[in-house]
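Trainee: Please take one part of this model and go through it closely. I would like to follow how the strands sit together and what lies against them.

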Amino acid sequence: MPSAPLLLLGFPAFQTVQIPFRERAFHGYTAIKFSEGVIGVGIENIVSLKGQAALITGGASGIGKASAMMLARAGADVALADIDRKGAEEAAAEIAAKYGVKSAAFGCDALSESEASEAVSGAADALGTINILVNNAGGGGGGREKFERLTAAYIDRIFNLNVYSIYRFSRLALPFMREAGSGAIVNISSMASVMSGVNMSVYSASKAAVNALTRQMAIDLAPVRVNAVAPGAIKTPALASLLTKEMEEGMLKSTPLGRLGEPEDIASAVLFFASPMSSWVSGQTLIVSGGGVQIL
């Protein structure tokens, strides 16, 4: 560690003071004690996830795979659970080869309690524990939900996939985080949770429920941190199946940063919530949409 002092503004008088560096443990990460009661994370470790184990649902492709790769790049061992077992296995092998971390893959239908249980226990056995959970599995018919044609069965399925699955995996992973004394859960919501669009009533309502659930989980599960990322239009296979050239041009007109998002844009936000950078952040939903609104 460097021996030079750090200049900080003292509070509440705002005097400039010199405070030496000291190392100490901070929720499983290397951290620096600046002064009594004031703790900051060493800059070289601020995004490090070495020694951490992460489970990512829906991890075979798109945002889930990008998030798994981002966390592995930061040093975490990763397990991928996806209904596409082959895709998850291929992604896990790619991650292990590229980043030299432990990886595992499990075929899992997020709607199934038994398969979720097997995936979580399998991930914990393969990686040693679970410190980070990314609840990415989800979906729906946003933009195609004709209100008059909606059925109770459809509504139940979308809420089961987008909301109940978060409860399901979080409840199963929580004991490992409790044992460690800390952990991070990142729920993937959607910009649709805070905006209105045509034929999106069920999908939007389910993602709004994710935001509310995130806030409540942050209170109930502390010191485990719980946050959500709400993506705008991201170039994933799911979006590609709906997107036309005219739709993309319309989206770009309302996106100040001038492009649609990439899975890595969301993965960076996931890394923020999983890492020591957000050690005093919980119960928040971060919209990542290029500064604008993209409507299907």
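Mentor: Start with Val 229, whose bridge partner in strand 12 is Leu 286. Strand 11 (residues 225-231) and strand 12 run parallel and are joined by four bridges; two strands count as paired if DSSP finds at least two bridges between them. Strands (E, at least two residues) and helices (H or I, at least four) are DSSP runs, numbered from the N terminus. The model is predicted, so local features need pLDDT of at least 70 and side-chain atom pairs count only at pLDDT 80 or more, while totals for chains, interfaces and linings use all residues. Residues are numbered from 1 along each chain as its sequence is written, and side-chain values use heavy atoms, with hydrogens and water left out.

Strands 11 and 12 belong to an open sheet of seven strands, paired in parallel in the order 8-7-6-9-10-11-12. Strand 8 (103-107) and strand 12 (285-288) each have a single partner strand, so they stand at the edges and one side of each lacks a neighbour in the sheet. On average, neighbouring strands of this sheet are turned by 15° against each other, direction ignored.

Helix 4 (residues 152-180) packs on the sheet, touching strand 6 (53-57), strand 9 (132-135) and strand 10 (184-188); contact means heavy atoms within 4.5 Å. The direction of helix 4 makes about 175° with that of strand 9. Such angles run from 0 to 180 degrees between N-to-C directions, with axes fitted to C-alpha atoms, for helices over the stretch in contact. Helix 5 (residues 201-221) lies across strand 10, strand 11 and strand 12, at about 170° to strand 10.
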